[in-house]
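Student: Please take a close look at the charged side-chain pairs here, and then at the parts of the fold around them. One connected walk-through would suit me well.

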Amino acid sequence: LSTMAAVPACELSIGSKRYPINFSEAFDVCIPVSTASPHVRAFHVGDATIEPISAGSFVGSVRRGGSVNCEQLSFCPHANGTHTECVGHVLAEPVTVYDIVRGRPPLCVAALISVQPESIADSGDAYPPKHDPTDLVVSRRQLQEALRPLLRVHRLHAVCIRTLPNGDFKRTKDYSGTNPAFLTPAATEYLRFSGIQDLLVDLPSIDRELDEGLLPAHCAFWNIDKKTGRYLSGSVSGAAHSTRTVTELCYFPEQVPDGVYALSLQIGPFASDAAPSRPILHPVTVIQVPIANDPPPPEPKWWEELSTQKFPIDGVDS
């Protein structure tokens, strides 16, 4: 968490609502790539390394007699810290997160919710890869219960999921071999059908650690048939690729309450399927604005469709 000096006011305007942004508060919810020990990691990937460059008589370390520090970093975005990934994560065709997010507005409306994962047996959701009935998941029902009241009021662009129990241990945990909680395909499909473009979680993956290479929750969010590597009908709406993103290994401190925020999803300019990222949440207030000389638009009814239990929904996307 950080508090900055007062800055000029700014607001988001979406439909009939205005969201004045409090830039004097900035909640940084990333875990940076670091060589500190212990540090978060996953999937049995080694720790990040940072080493000075050596070339002839030049050494990129002031401590070792060099004129400047010039270091080479080696890390895996998917395992060594907070990262944002795109549909290129599951496609044979190279698609980079840099191209997917380039040209986006710098801020969007996001909701932070807290969820206690439940056993997949209790969730009622399916998970195609081999799994244990006691595996912990974030289910469609849980997301519906948490998001339905918000979706009735806000056109959310992003959803941040804080899993419980929460704590500072998430900054340094080695998730390798621990079978952490994950999301079900029905849960991520619900988010896609709700129009969510950016999904942020404090888990190492939205899929099971061992998922037989199927990544069903990822594929449901991007509307991909993993067997064919193709989009299901209606998924891209004329765009070359799905522009949805998944951000994993966040950390949402207890001091950041559930609610609606302005999200600044800052992503490193890497031409790869994933890149280190720094999501920042800014508190907002919500103002309902009457539209002059025009009757107010009817409240959207699309949330009612989200409780129909008809999942999967092929060929339907927002």
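**Salt bridges and their surroundings**

Tutor: Let's start with Asp168 and Arg171, which form a salt bridge with their closest N and O atoms 2.8 Å apart. The term means a side-chain nitrogen of Lys or Arg within 4 Å of a carboxyl oxygen of Asp or Glu. A quick word on ground rules: this is a predicted model, where local features need pLDDT of at least 70, side-chain atom pairs count only at pLDDT 80 or more, and totals for chains, interfaces and linings use all residues. Residues are numbered from 1 along each chain as its sequence is written, and side-chain values use heavy atoms, leaving out hydrogens and water.

Arg171 is partly exposed, at 29% relative accessibility. For that scale, buried is under 20% relative accessible area, exposed is over 50%, and partly exposed is in between (1.4 Å probe, protein chains only).

The structure holds 12 salt bridges, and another one joins the side chains of Arg41 and Asp174, at 3.1 Å from N to O. Arg41 sits in the loop between β4 (25–28) and β5 (49–52), while Asp174 sits in the loop between β13 (158–163) and β14, so the pair ties together parts 133 residues apart in sequence. (Helices, H or I of at least four residues, and strands, E of at least two, are DSSP runs numbered from the N terminus.) Arg41 is partly exposed at 22%, and Asp174 is partly exposed too, at 31%. Asp47 joins Arg41 and Asp174 in a network of salt bridges.

From Asp174, the chain leads on to β14 (182–183), one edge of an open sheet; β11 (118–119) is the other edge, and each has a single partner strand, so one side of each lacks a neighbour in the sheet. The order is β11-β12-β14, with mixed pairing; strands count as paired if DSSP finds at least two bridges between them. β12 (residues 136–138) runs parallel to β14 over two bridges, with Val137 opposite Phe182. Helix α3 (residues 140–151) packs on this sheet, touching β11 and β12, and its direction makes about 40° with that of β12. Contact here means heavy atoms within 4.5 Å; axes are lines fitted to C-alpha atoms, for helices over the stretch in contact, and angles run from 0 to 180 degrees between N-to-C directions.

Next stop, α4 (185–193). Glu189 and Arg192 form a salt bridge here, their closest N and O atoms 2.8 Å apart. The two lie three residues apart, about one turn of the helix. An α-helix has 3.6 residues a turn, so residues three or four places apart point the same way. Unlike the partly exposed Arg171, both Arg192 and Glu189 are buried. In fact, nine of the nine residues of α4 are buried.

Leu191 of α4 is among the residues with the most contacts inside the largest nonpolar core, which has 46 residues. Such a core is a set of buried Ala, Val, Leu, Ile, Met, Phe, Trp, Tyr and Cys residues joined through side-chain atoms within 4.5 Å. Leu147 is another of these, and touches Tyr190 and Leu191, among others.

Right after the helix comes Ser194, in the loop between α4 and β15 (198–201). Ser194 is buried at 6%, and a polar atom of its side chain lies 2.7 Å from the backbone oxygen of Tyr190. Gly195, which follows, has a positive phi, near 90°.

Methods:
Polar contact = N/O pair within 3.5 Å; in protein donor to acceptor, adjacent residues only side chain to side chain.
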